Amino acid sequence: MLYNSLEFAVFLAAAVLGYHLCPLAWRRTYLLIASYAFYCTWSIPFAALLLAVSWLAFTLGARMGALPDGRARTAYLWTGVGLLLVPLVAFKYLGGLGAGGGGWLAGSTVGAALVAHFVGAVGISYYTLKLISYLVDIYWQRSAPCPSFAAVATYAAFFPQILSGPIQRADDFLRQVEHLGRPHPRMVISGLQLLLFGLFEKLVVADRLGVVVDQVYARPEKFTGGVVALATYLFAIQLYADFAGLTDVAIGSARLFGIQSPPNFDSPFYAENIQEFWRRWHMTLTTWLRDYLFTPVRMALRNWGQVGLIVSLVINMVAIGVWHGPRLTFVVYGLVHAAYLVGSSLTLRARTKWLRARPVLQRLHTLIGPLVTFNMVVGSFILFRADTLGQAWHVLRLCLSPLLALRGSAAHAHAAGFSALGWTQADAPLAVWAVIVMESVHLLQRRGRLSALVGGMPGWLRWAAYCTLGFSILLWGDTGAKQFIYVRF
Amino acid sequence: MERGEIERQLTEIFREVFDDQSIVIRDDMTAADVKEWDSFNHINLVVAVERGFRIRFTTKEVNNLANVGEFVSLIASKLG
């Protein structure tokens, strides 16, 4: 059941109605049952796995929390982290290797059956990270073990977040679940607004741009370098709209139950440098890795000077890449961003000093910085979209061909009309309008003005805005329930 | 060492690490208040503090710091 399907709309409406009719004392149990009912629509055996790993984290957390600092406590932590990683590696990486990358596992009958099963382990990348952070926080004495298994199980399985995050921290979630009450009407309304806007981002923006991206990336050699480059820029916006939409649907759905979730994006394409980009893109994953991987590794290597920084960054960024799946393109994607970050962080102080002495250039940098960063990110997204390194290299060469005047690409190219891109004449202006609407809302959100603006609108104008979004989804949204890109991870 | 002295020395370290002579630390100051204070510079800050005060932190201690006030208290506890 995908978040952009009619089935989910019906399920969510029924779950919210039941939740509000449910006595307060039963609401936590109700959320757990609703979450498992949702997960069982994907896979009943993997629901059992989810329950088992939740119990494992709960039990080990309780025992570790009762121990003083020492070897036994550390042994509990590493045992817990190791056991939690086993299903992730087995079902995501070994399964993924079989399903993609040549399909060596899918080649046999038994292998094909196994691969079919692996697909059911949805959300495993998200709930594994959640449960690891739960254990590490107890080990670091950041938080106490939760006394309720139902609460920990709900944390791992909470259905608005299970498919693709946000990766909320345990203490933040458990604190809210402990005091579940009647959500404030303002919270419910903001949840519904986010749901509507999230569907707009996905169905009107992401899926529309995805048509062109799919057409061009299916056979890039049929298009001119300029068109391939355009498709690559569109893919960056598609990926952002898709994941931001998914996040908004998740955060909005959670609010209907009175649960606040952390944000995942903060207008990342306006970042002035690559460090800032990673502070504003998929924030719950990057902060998770910062706290539980980068900082421990960097602390361990802190006497190595800049080499320690470089090694820590490479490990962290490759982990981000590999988190998306067992593909060489994701490894290289991580390495490319590690190189960006190393280059940027090692020169940042000198660049800042240089710019400070040149006020005019410094002012220009606020415009040039985001442009350069955006282009660096778009370039790296070729690796994200391509299936193989060979295809990524081919696409990169095509994108650069107008600049480098490469021969060969132009020889087979033809000027692509809208139909060749899979669009009608109306799609281009519609896509531009939709992206402008999306980015206007994001900028207002970033400046903290959206709630005040919407709240201050006369009722008729507010409803006109809702209706515009709603009718846009109905008229121009792709209602084929295409999977959100980040659900695959 | 007095808390005031720790704060004075810590201010100097902040100014050096973040290359900003205008920084004045406060107990409630967090990374959000200093533009250059990201996860990279956070460890540089920790290393500079370790060298400046001749003390050693664990990852747990570094990750559990919520603000500068807690940092000062941690340094004070290490100095005994």
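This is a tour of a predicted model, going from chain A as a whole to single residues and then to chain B.

**Chain A, whole**

Start by selecting chain A. It has 21 helices and 0 strands. Of its 489 residues, 40% are buried. Among contacts in chain A with a separation of 6 or more, 72% are between residues 24 or more positions apart.

Colour chain A by domain next. Domain 1 covers 6–182, domain 2 covers 186–261 + 408–488, and domain 3 covers 268–385.

**Domain 1 against domain 3**

Show domain 1 and domain 3 of chain A together. Their C-alpha centres are 29 Å apart. The contact between them uses 14 residues from domain 1 and 8 residues from domain 3. On the domain 1 side, α4 (71–99) and α6 (124–139) of chain A each give two or more residues. The largest share of that side, 5 residues, is from α6(A). Sorted by class, the domain 1 side has 7 nonpolar, 7 polar and no charged residues.

**Helix α1 of chain A**

Select residues 6–21 of chain A, which form helix α1. How far apart should the ends of these 16 residues be at 1.5 Å a residue? The expected span is 22 Å, and the end C-alpha atoms are 23 Å apart, so the two agree.

Now show the side chains of Phe8(A), Leu12(A) and Ala15(A), which are buried. These three lie on the same side of α1(A), because they cover an arc of only 70° around the axis. Turn the helix to see its other side, where Leu6(A), Val10(A), Ala13(A), Ala14(A), Leu17(A) and Leu21(A) are exposed. To see what covers the buried residues of α1(A), add α2 (27–40) and α11 (225–255) of chain A, which are among the covering elements.

**The nonpolar core**

Keep α11(A) on screen. The largest nonpolar core has 128 residues, and α11(A) gives the largest share of this core, 17 residues. Ala57(A), Ala157(A) and Val228(A) have the most contacts inside the core.

Centre on Val228(A). Not counting residues up to four places away in sequence, Val228(A) touches Val216(A), Pro220(A), Phe223(A), Val395(A), Leu398(A) and Cys399(A).

**Helix α9 and the loops before it**

Go to residues 170–178 of chain A, helix α9, where Ala170(A), Phe173(A) and Val177(A) are buried. Which side of α9(A) do they take? They share the same side, because their arc around the axis is only 75°. Arg175(A) and Glu178(A) are exposed on the face turned away from that buried side. The cover over the buried residues of α9(A) includes α2, α6 and α7 (149–157) of chain A.

Step back along the chain to Pro166(A), in the loop between α8 (159–162) and α9 of chain A. The peptide bond joining Gly165(A) and Pro166(A) is cis, with omega about 5°. Most peptide bonds are trans.

Next, select Ser143(A), in the loop between α6 and α7 of chain A. Is Ser143(A) buried, exposed or partly exposed? Ser143(A) has 19 other C-beta atoms within 10 Å, so it counts as partly exposed; the cut-off for buried is 20 or more. Leaving aside neighbours within four places in sequence, Ser143(A) is in contact with Asp137(A), Ile138(A), Ala170(A) and Asp171(A). Gly65(A) is 78 residues away along the chain from Ser143(A), yet their C-alpha atoms are separated by 9.2 Å.

**Arg71 and His282 of chain A**

Select Arg71(A), in helix α4 of chain A. Arg71(A) is exposed, because it has 8 C-beta neighbours inside 10 Å. Draw a distance from Arg71(A) to Thr41(A): they are 30 residues apart along the chain, and their C-alpha atoms are separated by 42 Å.

Move to His282(A), in the loop between α12 (274–280) and α13 (283–300) of chain A. Its phi is near 45°, a positive value in a residue other than glycine. His282(A) counts as buried, because 22 C-beta neighbours lie inside 10 Å.

**Chain B**

Finish by showing chain B with chain A. The contact takes 15 residues from chain A and 11 residues from chain B. On the chain B side, α2 (39–53) and α3 (59–63) of chain B each supply at least two residues. That side has 4 nonpolar, 4 polar and 3 charged residues.

The last stop is Arg54(B), in the loop between α2 and α3 of chain B. Arg54(B) is not a glycine but has a positive phi of about 55°. With 8 other C-beta atoms within 10 Å, Arg54(B) is exposed.

Key
Residues numbered from 1 in each chain as written. Chains lettered and ligands numbered in written order. Predicted model: local features only at pLDDT ≥ 70, side-chain atom pairs only at ≥ 80, totals over all residues. Helix = DSSP H or I, 4+ residues; strand = E, 2+ residues; numbered from the N terminus. Expected span 1.5 Å × (residues − 1). Buried ≥ 20, exposed ≤ 12 C-beta atoms within 10 Å, placed from the backbone. Arc of directions from axis to C-beta. Contact = placed C-beta atoms within 7 Å. Nonpolar A, V, L, I, M, F, W, Y, C, P; charged D, E, K, R; others polar. Core = buried A, V, L, I, M, F, W, Y, C linked by C-beta atoms within 7 Å. Domains from an automatic or database assignment.
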